[in-house]
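User: Please take a close look at the ligand site of this model, and set it against the rest of the chain. I would like the cut-offs stated along with each term.

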Amino acid sequence: MRFDVVTLFPGMFQGPLDDGILARARAAGRLGVRVHDLRRFGVGPHRQVDDAPFGGGPGMVLKPEPFFDAVEWIRGTYPETRERVVLLSPQGVPLDHDRAVALSGYDRLILLCGRYEGLDERVREGLVDEEIAVGEAVVSGGELPAMMLIDAVARHVEGVLGNQESAESESFACGLLDHPCYTRPAAYRDREVPPVLLSGDHGAIARWREEARVRATREKRPELLNRSKSTSAHIERHRGTS
Ligand SMILES: C[S@@+](CC[C@H](N)C(=O)[O-])C[C@H]1O[C@@H](n2cnc3c(N)ncnc32)[C@H](O)[C@@H]1O
C-alpha cells in the first residue's frame, strides 16, 4: 500500500515514520510513503501557496491550484487503481477502527494536509473523497493527523504487524477495549499480578481476559458497549460478571 502526502512541511515526516513497525514495513516493501512539498506546486515565480481570505478576516488560506497540480502530478507519475483522496480536517469524520480498516483496503491514499485557516473550499469540493479528523480539537496543521492516520491504517495492511493476532485483540477491534497487561515482576510496590495470569491455565486466562475487556469498556467507554454485534456477544457471555 502507498501513501502520498501533500504538505507544506515535508520535514515533519522525517523521524516518526523512520522507526519501529512503520520503518520495518517500508524496508520490507509492504508500505510506501512519499511526502510531496506543496511549495513545489506553488503559483508563479515565488511559488505562492497561500493568500488572504476573500471577504476579509484573520490568517491565510491555502490556494487551490497547488493541491490540484500536486494530485494530478502524483497520479501521472505513479498510477494506481484503487485510490482515495483524504483531507485531514477537524471537520471530518472521526478516525476510528472501522475507518482505518476500510482505508487499508485501498492501493493508495493521497493525504492532503491543511495549514493556517485551512484550504480553499474548492479543494474539498473538487478533489477530496473524504475528510477525516483525529479528534475534536484543532491542531496547527494536517501533518500530525496524517502521521496518525498512516500508522493506524498501516497496522491493518497484511504483513505490517509481526503478529496479526495483536491487531485483532486490540482496543476497538471487536468493539471492546483491550484487557489490562502485566509483565515481570509478579509483585511490585505492594501490587500483585492477578494470580490467574500466573496459573498456566490458558482457558482460565482467556476467560479472565474477556471479562476484563468488558469491565474496562464498561468503566472507561460505556457508550461502546451497545455499538456492535460482537460486543453484544461478549456481554451476553459475561452477563453478571462485573
Ligand atoms: C488551524 S487548522 C484550520 C482549522 C479551520 N479553520 C477550522 O476551524 O475548521 C489547519 C489545518 O490543520 C489540520 N487539522 C487541524 N485540526 C485537525 C484535526 N483535529 N484533525 C485533522 N486535521 C486537523 C487541517 O488540515 C486544517 O486545515
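Analyst: The answer below begins with the ligand and then moves outward to the cores and the loops.

This is a predicted model, in which local features need pLDDT of at least 70 and side-chain atom pairs count only at pLDDT 80 or more, while totals for chains, interfaces and linings use all residues. Residues are numbered from 1 along each chain as its sequence is written, and side-chain values use heavy atoms, with hydrogens and water left out.

The shell around the ligand consists of 21 residues, the closest being Leu88, Gln91, Gly114, Glu117 and Ala137; a residue is counted as near the ligand if one of its heavy atoms lies within 4 Å of it. By class, this shell divides into 11 nonpolar, 8 polar and 2 charged residues, where Ala, Val, Leu, Ile, Met, Phe, Trp, Tyr, Cys and Pro count as nonpolar, Asp, Glu, Lys and Arg as charged, and the others, Gly among them, as polar. The strands β5 (83-94) and β7 (130-133) each supply at least two residues of the shell, and the largest share, 4 residues, comes from β5. Helices (H or I, at least four residues) and strands (E, at least two) are DSSP runs, numbered from the N terminus.

Several polar contacts, meaning pairs of N or O atoms within 3.5 Å, involve the protein backbone. A backbone N or O atom of Leu88 is 2.6 Å from an oxygen atom of the ligand, whereas a backbone N or O atom of Ser89 lies 3.2 Å from a ligand nitrogen atom. For Glu117, a polar backbone atom is 3.0 Å from a nitrogen atom of the ligand. Taken alone, the ligand exposes 580 Å², and the protein buries 83% of that; these accessible areas come from the Shrake-Rupley method with a 1.4 Å probe, and for residues only the protein chains shown count as cover.

Tyr116 lies in the loop between β6 (108-113) and α4 (121-127). Its phi is near 55 degrees, a positive value in a residue other than glycine, and at 42% relative accessibility Tyr116 counts as partly exposed, a class between buried (under 20% relative accessible area) and exposed (over 50%), with a 1.4 Å probe and protein chains only.

Turning to the interior, the largest nonpolar core has 25 residues, and those with the most contacts inside it are Phe3, Leu31, Leu109, Leu111, Leu149 and Val153; such a core is a set of buried Ala, Val, Leu, Ile, Met, Phe, Trp, Tyr and Cys residues joined through side-chain atoms within 4.5 Å. Among the elements that each supply at least two residues of this core are β5, β6 and α5 (143-154), and α5 gives the largest share, 6 residues. A second, separate core of 18 residues includes Val71, Ile74, Leu87 and Val123.

Elsewhere, Val49 is found in the loop between β2 (32-37) and β3 (50-51), and Val49 is buried, with a relative accessible area of 1%. Leaving aside neighbours within four places in sequence, the contacts of Val49 (heavy atoms within 4.5 Å) include Leu8, Leu38, Val61 and Pro66.

In the loop between α6 (164-169) and β8 (187-188), Pro185 is joined to Arg184 by a cis peptide bond with omega of about 5 degrees. Over the chain as a whole, buried residues make up 38% of the 242 residues, and the secondary structure comes to 8 helices and 9 strands.

Conventions: A polar contact is a pair of N or O atoms within 3.5 Å; within protein, one must be able to donate a hydrogen and the other to accept it, and residues adjacent in sequence count only if both atoms are side-chain atoms.
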